[in-house]
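Student: I am new to this structure and would be grateful for a close look at a single part of it. Please take me through one helix and its surroundings.

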Amino acid sequence: MKKIREILRQKWVLGSSHRDEARSLGVSVGAVSSAVARATHAGLTWSDVEALGEVELEHRLFGARSSPARRVRCRISSTCTRNVASPV
C-alpha cells in the first residue's frame, strides 16, 4: 500500500508521468497505470488517499479480502499443485 500511495501522490500532487513514477519507485509502468486506474474507478482523490488508513485504502482499491489461498494437489498428477481459494 505504501508504493500505491506514493504512486498516487506522485501522479496527483506532483503530476509525474507514468514512466517517471515507475522509474523512481522501481515498479512497472503497468503497475502505475493499474494503481491510478483503480483509484480513479473507486472515485478517490488525493485527499481521500491521505485520510485513509492502509486497510481501508486496500479495501477501497481491491475490495474485501477473500479467504487465503491454499495449496492442493491436482487430481491429474500427484506432482501438480495449484492455488485455490479456501472454501468459505
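**Helix α1 and its surroundings**

Tutor: Apart from residues up to four places away in sequence, Q10 touches G15, S16, E21, S24 and L25. These contacts belong to a predicted model, and Q10 itself sits in helix α1, which covers residues 2-14. Is Q10 buried or exposed? Its relative accessible area is 9%, and because buried means under 20%, Q10 counts as buried. Two of its partners, S24 and L25, can be placed in helix α2, which spans 18-25. Another partner, G15, follows α1 and has a positive phi, near 70°.

Q10 is one of several buried residues in this helix: I4, R5, I7, L8, Q10 and K11 are buried in α1. As a general point, an α-helix has 3.6 residues a turn, so residues three or four places apart point the same way. Within α1, the buried list includes I4, I7 and L8. What covers the buried residues of α1 includes α2, α3, α4 and α5.

The helix also takes part in the largest nonpolar core, which has 15 residues; I7, L8, L44, V49, L57 and L61 touch the most other members. To this core, α1, α2, α3, α4 and α5 each supply at least two residues, while the largest share, four residues, comes from α3. In soluble globular proteins, nonpolar side chains tend to be buried together.

One of these core residues, L44, leads back to α1. Leaving aside neighbours within four places in sequence, L44 is in contact with W12, A39, V49, L52, L57, R60 and L61. Of these, W12 lies within the range of α1. L52 offers a second route to the helix: beyond its neighbours within four places in sequence, L52 is in contact with R5, L44, L57 and R60. R5 is among the buried residues of α1. L52 is found in the loop between α4 (46-51) and α5 (54-62), and with 15% relative accessibility L52 counts as buried.

Finally, the setting of the helix in the whole chain may be considered. The protein chain contains five helices and two strands, in the order α-α-α-α-α-β-β from the N terminus. Of its 88 residues, 27% are buried. Among contacts between residues at least 6 apart in sequence, 38% join residues at least 24 apart. The chain exposes about 6100 Å², of which carbon and sulfur atoms supply 53%.

Methods:
Residues are numbered from 1 along each chain as its sequence is written. This is a predicted model: local features need pLDDT of at least 70, side-chain atom pairs count only at pLDDT 80 or more; totals for chains, interfaces and linings use all residues. Side-chain values use heavy atoms; hydrogens and water are left out. Buried means under 20% relative accessible area, exposed over 50%, partly exposed in between (1.4 Å probe, protein chains only). Contact means heavy atoms within 4.5 Å. Accessible areas come from the Shrake-Rupley method with a 1.4 Å probe; for residues, only the protein chains shown count as cover. A nonpolar core is a set of buried Ala, Val, Leu, Ile, Met, Phe, Trp, Tyr and Cys residues joined through side-chain atoms within 4.5 Å.
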